[in-house]
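Q: I would like a close look at a single helix in this structure and at what surrounds it. Please take one part and follow it outwards to its neighbours.

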Amino acid sequence: MPANLTHREKMYRAYMEFFDVAERKRRWHPFNDIPWDKLDPSQNTEEKAICAETFCGVELYVPDYTANGFNLTRPIFGHAWFQANWGYEESKHGLTFREYLVRSGLRTEEQYAEFEQKIFAKVWNLPFHTRRQMSCYGALQESATFLIYRVQLEKARQEGDEVLEKIYSYISRDEAAHMGFYIKVIQFEMEEDREGTLADLAHVIYHFEMPGVGLIPEYEERLAVEGVGIISQQFLQKGIFPLLKAVGTSRREMVRTLHQKKSKVPKVEALSLEQVPLTVVG
Amino acid sequence: MTEPEILNLLKEAFAFAAPEEAEAAENLTLEGTLDQFGVSSIVAFEMAGYIEDKLDIQFADDELAQISTIKGFVNLIRQYTDTKVVV
């Protein structure tokens with residue numbers, strides 16, 4: 001659905017504010033701002049490796065995320081330029097996790113290359129059809145990712161792991177900013193078409209899966225490692241419920257909407273080069 | 001409400017929220033976690049809405065988010081129905 005002039009103006013202002021804060025307060029350099037000299041092999045654990053490797057794998061689909069995102073957002077300057085900035089920031093996350101895995105010695109270059117090859121053998125496709133639905137998806141996905149990275153940050157602090165503390169601090173801050181932008185988009189959509197936006201939000205919540213499902217090698221096994229995913233109850237309490245409040249709705253209204261529009265629109269199936277059963281995280 | 005009555009209501013709510021899991025809904029018991037019975041967090045969300053409408057109660061979001069077992073869900077419902085004042 002084409003956006004009207006008011007929506008375009010709102011998106012432009014939202015993007016300019018996002019970009020301004022990002023440039024002034026959030027930019028960081030993966031090589032200069034991470035204390036790589038503080039890497040301590042005695043702090044290495046396979047759990048840290050699996051977490052970082054899994055997160056890296058998800059971030060490595062940035063080319064697919066941005067390509068699909070651009071196709072959806074191209075007609076709206078503010079949204080398309082956010083997509084460009086988002087892609088840059090997420091690409092830095094993947095790069096940083098990659099550096100961590102190899103510099104720490106948790107993975108050899110050959111092991112990392114093998115993992116990357118498996119990632120690039122598959123393609124991520126849009127889980128939902130429209131720009132509005134994908135904005136709802138973005139808000140949920142960034143929220144879950146932020147919560148997962150915050151847990152990792154706290155763990156790194158407790159363990160005195162200065163390198164991971166810095167990595168997860170920068171990355172979780174970026175994810176929070178992304179979530180904030182998507183929430184603004186949903187708020188704008190609610191102003192324009194409350195009923196339609198609620199229906200889309202309900203549909204996305206009902207069918208939500210993290211992007212790693214079906215794409216990351218041995219994903220189910222990885223989820224068994226503490227910190228790779230997020231427990232459903234935590235996601236409800238710290239992710240979904242606050243999101244509903246932030247966009248001006250409630251759990252009760254969402255459930256009513258779910259009942260009214262349950263599974264009317266088919267979810268787009270993710271393409272992959274091998275068939276993998278899709279499961280819900282947590 | 002008695003525990004068996006609440007459990008029956010939960011079975012009803014599960015079948016409503018996830019009609020494709022009707023068989024699993026019948027097998028709900030007090031022992032076990034929501035995950036073990038295939039009750040995802042979103043299905044639990046819907047079940048809560050069904051139960052709230054049926055019993056004219058409203059769960060606090062924070063309390064609802066803490067539920068991970070069938071017994072826990074039953075206890076929450078009892079908490080809200082036992083304290084409800086009927087005029």
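Which residue just after α10(A) takes a positive phi?

A: In this predicted model, the residue is A:G248, which takes a positive phi of about 90 degrees just after α10(A). The helix itself has 15 residues and reaches 20 Å from its first C-alpha to its last, close to the 21 Å expected at 1.5 Å a residue. Within α10(A) there is nevertheless a kink of about 25 degrees at A:I240, shortly before the proline A:P242. A:I240 is also one of the buried residues of α10(A), which are A:S232, A:F235, A:L236, A:G239, A:I240 and A:L243.

The cover over these buried residues comes from both chains: it includes α6 (131-159), α7 and α8 of chain A, together with α3 (41-55) and α4 (61-65) of chain B.

That brings in the interface, where 13 residues of chain A are in contact with 11 residues of chain B. On the side of chain A that touches chain B, α8 (194-206), α10 (232-246) and α11 (251-260) each give two or more residues, and the largest share, 6 residues, comes from α10(A). The residues of this side divide into 8 nonpolar, 3 polar and 2 charged.

As for the wider packing, the largest nonpolar core has 97 residues, and those with the most contacts inside it are A:L140, A:I205, B:L10 and B:M47. Helix α7 (residues 162-192) of chain A gives the most to this core, with 13 residues.

On confidence, the model scores ipTM 0.77 and pTM 0.87, while chain B averages a pLDDT of 87, with 94% of the residues scoring at least 70.

Terms used: Residues are numbered from 1 along each chain as its sequence is written. Chains are lettered from A and ligands numbered from 1 in the order in which they are written. This is a predicted model: local features need pLDDT of at least 70, side-chain atom pairs count only at pLDDT 80 or more; totals for chains, interfaces and linings use all residues. A nonpolar core is a set of buried Ala, Val, Leu, Ile, Met, Phe, Trp, Tyr and Cys residues joined through C-beta atoms within 7 Å. A residue is buried if 20 or more other C-beta atoms lie within 10 Å of its own, exposed if 12 or fewer, and partly exposed in between; C-beta atoms are placed from the backbone. Helices (H or I, at least four residues) and strands (E, at least two) are DSSP runs, numbered from the N terminus. pLDDT is the predictor's confidence in each residue, from 0 to 100. Two residues are in contact if their C-beta atoms, placed from the backbone, lie within 7 Å. Ala, Val, Leu, Ile, Met, Phe, Trp, Tyr, Cys and Pro count as nonpolar, Asp, Glu, Lys and Arg as charged, and the others, Gly among them, as polar. The expected span of a helix is 1.5 Å times one less than its number of residues. The bend at a residue is the angle between axes fitted to the seven residues ending there and the seven starting there.
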